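Me: I am new to this structure and would like a short tour. Could we take it one question at a time?

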Amino acid sequence: MRVRVDSGLCQGHGSCAGDAPEVFGVDEKRGVVIVLQESPPEALRASVLAAVKFCPTRALSIED
């Protein structure tokens, strides 16, 4: 699993960091989400899927 953030769509809401804090963070200076683990372990799949599903701007995606 590989996690991607489209920085053109991201508005820095940070809901993904709440769903999967091990994988996502927020760059406060730029106001966008950053990926802390580009290839997170399979054990985090459910929380990453939730983050992608509930991203308000659809800026997140997963490649398997």
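Me: Is arginine 58 buried or exposed?
Reply: Buried means under 20% relative accessible area, exposed means over 50%, and partly exposed lies in between (1.4 Å probe, protein chains only). Because its relative accessibility is 55%, arginine 58 counts as exposed.

Me: Where does arginine 58 sit?
Reply: Helices (H or I, at least four residues) and strands (E, at least two) are DSSP runs, numbered from the N terminus. Arginine 58 has its place in the loop between H2 and strand E4 (60–63).

Me: What is the phi of arginine 58 near?
Reply: Arginine 58 is a residue other than glycine, yet its phi is positive. That phi is near 60°.

Me: How should I read this model, and what pLDDT does the chain average?
Reply: This is a predicted model, where local features need pLDDT of at least 70, side-chain atom pairs count only at pLDDT 80 or more, and totals for chains, interfaces and linings use all residues. Residues are numbered from 1 along each chain as its sequence is written, and side-chain values use heavy atoms, with hydrogens and water left out. pLDDT is the predictor's confidence in each residue, from 0 to 100. Here 100% of the residues score at least 70, and the chain average is 94.

Me: Which element has the highest confidence in the chain?
Reply: Confidence is lowest in E3, with a mean of 92. At 97, the highest belongs to helix H2 (residues 45–53).

Me: How many bridges join strand E2 and strand E3?
Reply: Two strands pair if DSSP finds at least two bridges between them. Strand E2 (residues 24–27) and strand E3 (residues 32–35) do so in the antiparallel sense, and the number of bridges is four.

Me: Which residue in E3 is the bridge partner of valine 26?
Reply: The partner lies in strand E3 and counts as buried, because its relative accessibility is 8%. Among its contacts (heavy atoms within 4.5 Å) are Val5, Cys10 and Phe24. The bridge partner of valine 26 is valine 33.

Me: Which element gives the most to the largest nonpolar core?
Reply: A nonpolar core is a set of buried Ala, Val, Leu, Ile, Met, Phe, Trp, Tyr and Cys residues joined through side-chain atoms within 4.5 Å. The largest one has 17 residues, and Cys16, Val23, Phe24, Val48 and Leu60 touch the most other members. Helix H1 (15–19), E3 and H2 each supply at least two residues of this core. With three residues, the element that gives the most is H2.

Methods: Lists of a residue's contacts leave out its neighbours within four places in sequence.
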